[in-house]
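Reader: I am new to this structure and would be grateful for a close look at one part of it. Please choose a single residue and explain how it sits within the whole chain.

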Amino acid sequence: ECAYEKRPEGYTLLDGYTQAGENTAGLEMPRTAPALMLPCQAPKRMRYLLPSPHTPTDPEATPVPPPEPTCDLLTTRLLEPLAVAVARFSGYATPDVVFSLRDRTKAALVEDGVRVAEGADEDLVLAQYNELFSLPWNRDNEIWIPVDL
């Protein structure tokens, strides 16, 4: 995970850790999808979910701790389970598009009796599945809004 101002900065840092092996084990890992951004936090945050065995496919399995980053701008941490409502969209993920979709989705959730978690606006996640410079019609995006079960 890292702070970022512009997305290419975050991708460069995270790709260095995973794909270039810039970690204490020199371990190269494949990039996973989606890249997760937390655009409402200050500073904005970006993270990759690490592949198995660091993120086990079996929910009963214990994750293997990942190697520590060699760059002090990166951190690793175990994420707690999270229940989210997901809204998909394509094209550019501009702030206007993301926040408009967030507001419409939250209104629909409330109308359907789903409780939006406290702090959901600050914890909004933007999930992007494609390469950074993909053409707009090839972009698959989601917003994840935390909900209470």
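Author: Accessible areas come from the Shrake-Rupley method with a 1.4 Å probe. For the protein chain of this predicted model, the accessible surface comes to about 8900 Å², and carbon and sulfur atoms hold 55% of that area.

The residue chosen here is Ser 134, which is found in the loop that runs between strand S6 (125-128) and strand S7 (140-148). Is Ser 134 buried or exposed? A residue counts as buried under 20% relative accessible area. Ser 134 has 15% relative accessibility and therefore counts as buried. Its side chain also has a partner: the side chain of Ser 134 reaches the backbone oxygen of Glu 131 at 2.9 Å.

The setting of this loop is as follows. The protein chain contains 2 helices and 7 strands, and along the sequence these follow the order β-α-β-β-β-α-β-β-β. The radius of gyration of the protein chain is 16 Å, close to the 15 Å given by the globule rule for 149 residues, so the chain is as compact as a globular protein of that length. Along its principal axes, the C-alpha trace spans about 50 × 40 × 25 Å.

Of the 149 residues in the protein chain, 37% are buried. Among the contacts with a separation of 6 or more, 63% come from residues 24 or more positions apart. As for charge, the protein chain carries 13 positive and 23 negative charges, whose mean positions are 6 Å apart.

Notes:
Residues numbered from 1 in each chain as written. Predicted model: local features only at pLDDT ≥ 70, side-chain atom pairs only at ≥ 80, totals over all residues. Heavy atoms only, no water. Helix = DSSP H or I, 4+ residues; strand = E, 2+ residues; numbered from the N terminus. Rg over C-alpha atoms; globule rule 2.2 N^0.38 Å. Buried < 20%, exposed > 50% of the residue type's maximum accessible area, 1.4 Å probe, protein only. Contact = heavy atoms within 4.5 Å. Lys, Arg positive; Asp, Glu negative; His and termini not counted. Charge placed at Lys NZ, Arg CZ, Asp CG, Glu CD. Polar contact = N/O pair within 3.5 Å; in protein donor to acceptor, adjacent residues only side chain to side chain.
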